[in-house]
Amino acid sequence: MDRGSRKHVLDWTERPEFCLELLQLVSPPVDARITARSRWMPRGYGARGEARLETFGPSVIPEADWAGLRRWWLAHERRANTPNWDIALACEIERRPGLTIVEAKANAPELSVGGKPSDVDASAASRENHERIGQAINEACTALQRISAKTAISHTSHYQLSNRIAFAWKLASVGVPTVLVYLGFLGDVGIADAGAPFVDDAHWKHVFAEYTHGVVPENLFETRIDCGAAPTWFLVRSRKIIEHSAPAMPR
C-alpha cells in the first residue's frame, strides 16, 4: 500500500494535466515547455517505476553523454546504480532539451540527514564505488563553492540531499539544462503515525530551510546557476495532496 510522498507522486503523475501543472510550478523563474519529445516517469499506478537517469535519459535526450554520467558516479557499474528519482520529466528549458527532476516529501521524517551507508564487509568494488561517489559529490561541491562559498554537500552527511544537488549540477555541466525541484506535499493527515504532515507552504519551506542549513546556502535556491555548458536551478515548491494516505495497517 503506497503512503506518503510515494502515493502522492503516483496520484499526481496519473493525471492528464500533470506536465502542465509541474511546469507551472517551476515558472517563474524557469522558461520550461512541453514538446513532442516530452516524456516522464513514473506515469501513475500503471507505470510506476522511478527514473534512473542513465536509462531514462538516453530515451529522451539521446545526444547527452549518459554513459559518462554513470562512469562519473560509479567506479564499477555491474550490479550498481545511480540514484532513483521520484519524478523525471523531459522538457524544453530555455529552448534546449532539458530535465526537470523532483524529490518529493510529505513530512519531516522523509528528509534524511544521514550519510551514505557503508558496510565493513562490502566487496572491494562496492568500497571503490563508495569512494567514487564521495569524489563525485566533492567535485560538485567545489564547483558550487565558486558560486557560494558555504556549500557543504558531502556523502558523509545529508547524503540524500547532496546526491540530488550534485546530479543536477553535473547534468548542467555536461550540457543538459536541469531543474531540481524539492516538492512538499501538503496536508496528508493519513501519515500522522509516521510524522506530522506539512501544513502549508510556509511550514514546508521552514522545515526545508532548517534541513538544508549549513549544507546548501540559501542563495543557491530560486536562481539560475550557470554551470558552464548549461544552467541549473534548485527550487522549493509545494502542492496540496489529491487524496490522503490510508491509515497504517495495525501490526
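Helices (H or I, at least four residues) and strands (E, at least two) are DSSP runs, numbered from the N terminus. The exercises below concern a predicted model.

**Exercise 1. The loop between H2 and E1**

Task: Determine where Pro-28 is found, and identify which peptide bond joins Ser-27 and Pro-28, cis or trans.

Solution.
- Step 1. Pro-28 lies in the loop that connects H2 with E1.
- Step 2. The bond between Ser-27 and Pro-28 has an omega of about -5°, and the peptide is therefore cis.
- Step 3. The next bond, between Pro-28 and Pro-29, is also to be inspected. Its omega is about 10°, and it is a cis peptide bond. Pro-29 belongs to the loop between H2 and E1.
- Step 4. For context, most peptide bonds are trans.

**Exercise 2. The setting of helix H2**

Task: State how many of the nine residues of helix H2 (residues 18-26) are buried, and which conclusion follows for the helix.

Solution.
- Step 1. The cut-off for a buried residue is under 20% relative accessible area.
- Step 2. The residues of H2 that satisfy it are Phe-18, Cys-19, Glu-21, Leu-22, Leu-23, Leu-25 and Val-26.
- Step 3. Seven of the nine residues are thus buried, so H2 is largely enclosed by the rest of the structure.

**Exercise 3. The partners of strand E5**

Task: Identify which strands pair with E5, among them E1, E2 and E6, and establish in which sense they run.

Solution.
- Step 1. Strand E1 (residues 32-33) pairs with E5 in the antiparallel sense through two bridges; Ala-32 has Ile-93 of E5 as its bridge partner.
- Step 2. Strand E2 (residues 40-41) and E5 are likewise antiparallel, over two bridges, and Met-41 is bridged to Ala-88 of E5.
- Step 3. Strand E6 (residues 96-105) is joined to E5 by seven bridges, again antiparallel. Within this pairing, Leu-99 of E6 is the bridge partner of Ala-90.
- Step 4. As to burial, six of the seven residues of E5 (residues 87-93) are buried, so the strand is largely enclosed by the rest of the structure.

**Exercise 4. Positive phi values**

Task: Name the residue in the turn of the E5 and E6 hairpin that has a positive phi, then examine Arg-95 and Arg-79.

Solution.
- Step 1. Most residues other than glycine have a negative phi.
- Step 2. E5 and E6 form a hairpin with two residues between them, and Glu-94 in the turn has a phi of about 50°.
- Step 3. Arg-95, found in the loop between E5 and E6, has a positive phi near 65° although it is not a glycine.
- Step 4. Arg-79 shows a positive phi of about 60°; this residue sits in the loop between helix H4 (66-73) and strand E4 (84-85).
- Step 5. The cut-off for exposed is over 50% relative accessible area. Arg-95, at 59%, is therefore exposed, and Arg-79, at 76%, is exposed as well.

**Exercise 5. The surroundings of Arg-3**

Task: Locate Arg-3 and determine which residues it touches beyond four places away in sequence.

Solution.
- Step 1. Arg-3 is placed in the segment before helix H1 (4-13).
- Step 2. Its contacts beyond four places in sequence are Gly-190, Ile-191, Asp-193, Ser-245, Ala-246, Pro-247 and Ala-248.
- Step 3. Two polar contacts of the Arg-3 side chain may be specified: one to the side chain of Asp-193 at 2.7 Å, and one to the backbone oxygen of Ala-246 at 2.8 Å.
- Step 4. By contrast, Leu-20 is 17 residues from Arg-3 along the chain, and their C-alpha atoms are separated by 24 Å.

Technical notes
Residues numbered from 1 in each chain as written. Predicted model: local features only at pLDDT ≥ 70, side-chain atom pairs only at ≥ 80, totals over all residues. Heavy atoms only, no water. Buried < 20%, exposed > 50% of the residue type's maximum accessible area, 1.4 Å probe, protein only. Pairing = 2+ DSSP bridges. Contact = heavy atoms within 4.5 Å. Polar contact = N/O pair within 3.5 Å; in protein donor to acceptor, adjacent residues only side chain to side chain.
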